[in-house]
Amino acid sequence: QVHLEESGGGLAPAGGSLRLSCVASGNIFRLITMGWYRQAPGKERELVALKNSSGLTTYDDSVKGRFILSKSNTKTAVSLQMHSLKPEDTAVYYCNVRAYYSVSAWGDTWGQGTQVTVSS
């Protein structure tokens, strides 16, 4: 079983910055991807940024050039540094791990979510 511990988030003014962190614990046989999704009120959950096991990072177009996803080299953890925040970035942000938990079994694990609110 894998557990994700999220931290960071909160309230920031438009143009400000926030940092989210996520640490995974538990049994991961092989990591596939790790990153962040977000869900705004009345909207579907959407990808923000994702890093695969090769280190390749994918960003949603809406955050390119403003958000930076970093992965730790020593533990299964990622950080999302968010700059130039906009009110439309307001959402609950969820950490996600997709991994193999054995040779043949894989799946997604989600964090509990952390609120990011950007005031105009």
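Helices (H or I, at least four residues) and strands (E, at least two) are DSSP runs, numbered from the N terminus. The model you see is predicted, so local features need pLDDT of at least 70 and side-chain atom pairs count only at pLDDT 80 or more, while totals for chains, interfaces and linings use all residues. Residues are numbered from 1 along each chain as its sequence is written, and side-chain values use heavy atoms, leaving out hydrogens and water.

Let's start at Q81, which lies in strand β8 (residues 77–82). Its relative accessible area is 19%, and Q81 counts as buried because that term means under 20% (1.4 Å probe, protein chains only). The Q81 side chain makes a polar contact with the side chain of R19 at 3.1 Å; such a contact is a pair of N or O atoms within 3.5 Å, where within protein one must be able to donate a hydrogen and the other to accept it, and residues adjacent in sequence count only if both atoms are side-chain atoms. The same side chain of Q81 also reaches the backbone oxygen of L18, at 3.4 Å.

Now step out to the sheet. Four strands form an open, antiparallel sheet in the order β1-β3-β8-β7, where two strands pair if DSSP finds at least two bridges between them. The edge strands, β1 and β7, each pair on one side only. Between the antiparallel β1 and β3 there are seven bridges, and S7 has S21 in β3 as its bridge partner.

Definitions and conventions
Buried means under 20% relative accessible area, exposed over 50%, partly exposed in between (1.4 Å probe, protein chains only).
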